[in-house]
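Opening the notebook on a new model today. I want to see how the parts are laid out and where they touch.

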Amino acid sequence: MNLDFSNDQKFLKEEAKKFLEKEKSLSRNRTVLENNSRVDKDLWNKIVDLGWTGIRIPEEYEGLGLGHLELCVIAEELGRFLAPVPFSSSVYLFTEIIINYANDDIKKDILPKLVSGEVVGTLAVTEELKAPSSSNITSKCENSLLNGSKIAVPDAEIATHAIVVAKNEKGVSLQLVDLSSNGVNIEYQENIDESRGHFQIKFDNVECQLIGDESNGWNLYETIVNQAAVLFAYEQIGGSQAAMDMAINYAKERYAFGRPIGSFQAIKHKLADMYISLTLAKSNCYYAAWALSTNSSDLPSASATARVSATKAYQFCSKENIQTHGGNGFTWEYDCHMFYRRSKLLSLNIGSLSNWKEKLVVGLEQSNIN
Amino acid sequence: MDFNDTPDQAKFREKCRTWLENNAPYKDGSAKMESFANKDILKEAKEWQKKKYNAGWAMLHWPKEYGGIGATPIERIIWANEEAKFNVPKGIFEIGLGMCGPVMMTYATEEQKERYLPPMAEGKEIWCQLFSEPSAGSDVAGLRSKAIKKGDKWVVNGQKVWTSGAHFSDFGILVVRHDPELEKHKGLTFFFVDMKSPGIEVKPIKQITGGSSFNEVYFTDVEIPDSQRLGEIGDGWKVAITTLMNERLAVGDADGADVEDAFKWAKNQDNLGEPLLNNRAARESIADWYCEASGLKNTKLRTMSALSKGDTPGPEASITKIVSAAKLQDIGNFGIDSLDMAGMLKTDSENIKRFQNAWLGAPGLRIAGGTDEILRNVIAERVLGLPQDPRADKGVAYKDIPSGKN
């Protein structure tokens, strides 16, 4: 029985933590938010230099050839320090799609550049003010030319490439697009976590390359999302932990009625509930990490379970962190709102809480418990 | 990461399983023999315990001289996992073995350990815990039962309450106040007592489930030899804390209806002409309970992983009772609600009984072994490091502490 990370993985986590602390990732996040600079390119370049973008890329493509567990520990630290970089878009989603479904030519071209930082990727799915599904995609690919429009695409400005979910005659497919191509138009969209840029991308007869099967794209997307859910969940528990720690420290130092507010049971119980929700989420993340790293048949239900509990934990910890801080928590000056914003972004990336709960129950139905 | 036993652990598991297969039937989905309130299973429980004892499984982590086999914590868990697959009685000995045993092990004399521990492990003598009182529940150190020293004996007067199993216990561990002039925690002393002593009267309490697993225990001029004192005079709280720490380990997962019961039920139960599982609210609840149940299961696996490596587990298991007791209550409620008005009725359906038992029994679980509120205080103070509440009874002689109407 060993539901735990190895010593090497724990060491990597510790190194990631030290690095993000030293680089003052939290205050970099504030700077991006305040200056509307959409991404911290300097931090991103340093992350590329550390090799993190190549963790899962095989050595033959100049990556580190490590597993998903290494990615999990990095994700948790990026979440804890709210790193304002396109890691989730480029690494959990774009890179995984290329590794799993692209042909050899594309792999040879793209994967080494993802390691070196020459290529940064994102995933473009949403088109309207509603949840995307295989039946409401209207972006269209014909004769390797893409037309249509995507909204709320994270990190599209720093990204050099995107995987675009588009329909064709046979169904839905994944299309690789070089964002510097003619006919691509990227526009910034104001949003509620401006420490990460979100964009509209319009495609007007843009050259694209098919990734994977022509009709099976939505299933490929779902498969990648089920994997990525575990990594997003790790970012979420990292953020939950940071928000909880912030609330605990404040509750110890802030006095009211002649005593630390952390000595009031109303506050204690709130913080205990944060610990409970975080512990449930963390334990589910461990199991999902195992399922991901071994490609277990349990992965869809394990990742949905981790995703739902991590989303709930981060939403709870970030909103109650504000509440614990009282009036200070509502100010721009305190960091509480940065966790609140990021918890919302992470809960929407790859799909909302209610849809993940539904996915979890559908999984139970398919597992045929009678 | 893996879920494999080490070669030694696999060998041990095989040994457990072989013995169990030769001595007990596997669970077959019929009602489990675990009801604490049911006195009829006492004989059967004692027989099973004796069988285990003779083979060394009864208290396997205890040293050999008291009837154990000196097993490691992970071996103890492996045994428990395997035993849980079999249809065997449980519950009767948990308080004695889980709480009284460790206290005796730590504080009794060598002769006392040799006299009392083996029959306790064997199930020949059953033990109970005499702590709570009518005016001392969560604040158990506020208890009033008095002990006055006379020569080499103590004379005890007072009343205990919520004493599980006192009606069939042979011995009990007891904390009483020897000096009301001292501060609350300082005036307590700890004993073990023969439940057949003259002056002890046990009265069952009827619970909201209709069953009676708890009792009131009255002490009238009960004499206890000083040799049965555990710890120094005035050390009662320190000794009690040892017991309560063990109680937190012993009272864990709430037994009863869980998410799989709710899910299977919802698949088959008709609701307004279609399966209940098609109902959005039902689906959301099931997803939430599934996340909690998995979270607890995986938390246990993390604890086991630490033990397996010989490390001390983190505090994560402290969430178990809070989460599982509330989940039990909600799932019971869900099952009953699914029947609409007919949910009121007692029926022969095992499924419906399971939901009704969960709903009626869960309020007790949210209180026993530390209320939800006390356990949240424990997490906040011991795990998260938050300061204690200022207390109105600090530095005050016990007799001067305000106690309301009582």
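Which domains does the domain assignment of chain A give? I looked this up before anything else, keeping in mind that this is a predicted model. The assignment lists domain 1 (7-116), domain 2 (121-215) and domain 3 (218-366).

**Entry: domain 1 against domain 3, chain A**

I checked the spacing, and the C-alpha centres of domain 1 and domain 3 of chain A are 21 Å apart. Then I pulled up the contact between them: 23 residues come from domain 1 of chain A and 22 residues from domain 3 of chain A.

Next I asked what builds the domain 1 side. I found α2 (25-35), α4 (68-80) and α5 (87-101) of chain A, each giving at least two residues. α4(A) gives the most to that side, with 10 residues. I also sorted the residues on this side of domain 1 of chain A by class and got 12 nonpolar, six polar and five charged.

**Entry: chain A against chain B**

I moved on to the two chains. Here 38 residues of chain A are in contact with 38 residues of chain B.

On the chain A side, I noted which elements give two or more residues: α7 (217-253), β10 (259-260), α8 (265-293), α9 (299-324) and α12 (353-366). The largest share is from α8(A), at 16 residues. By class, I have 20 nonpolar, 12 polar and six charged residues down for the side of chain A that touches chain B.

Notes. Residues are numbered from 1 along each chain as its sequence is written. Chains are lettered from A and ligands numbered from 1 in the order in which they are written. This is a predicted model: local features need pLDDT of at least 70, side-chain atom pairs count only at pLDDT 80 or more; totals for chains, interfaces and linings use all residues. Two residues are in contact if their C-beta atoms, placed from the backbone, lie within 7 Å. Helices (H or I, at least four residues) and strands (E, at least two) are DSSP runs, numbered from the N terminus. Ala, Val, Leu, Ile, Met, Phe, Trp, Tyr, Cys and Pro count as nonpolar, Asp, Glu, Lys and Arg as charged, and the others, Gly among them, as polar. Domain bounds come from an automatic or database domain assignment.
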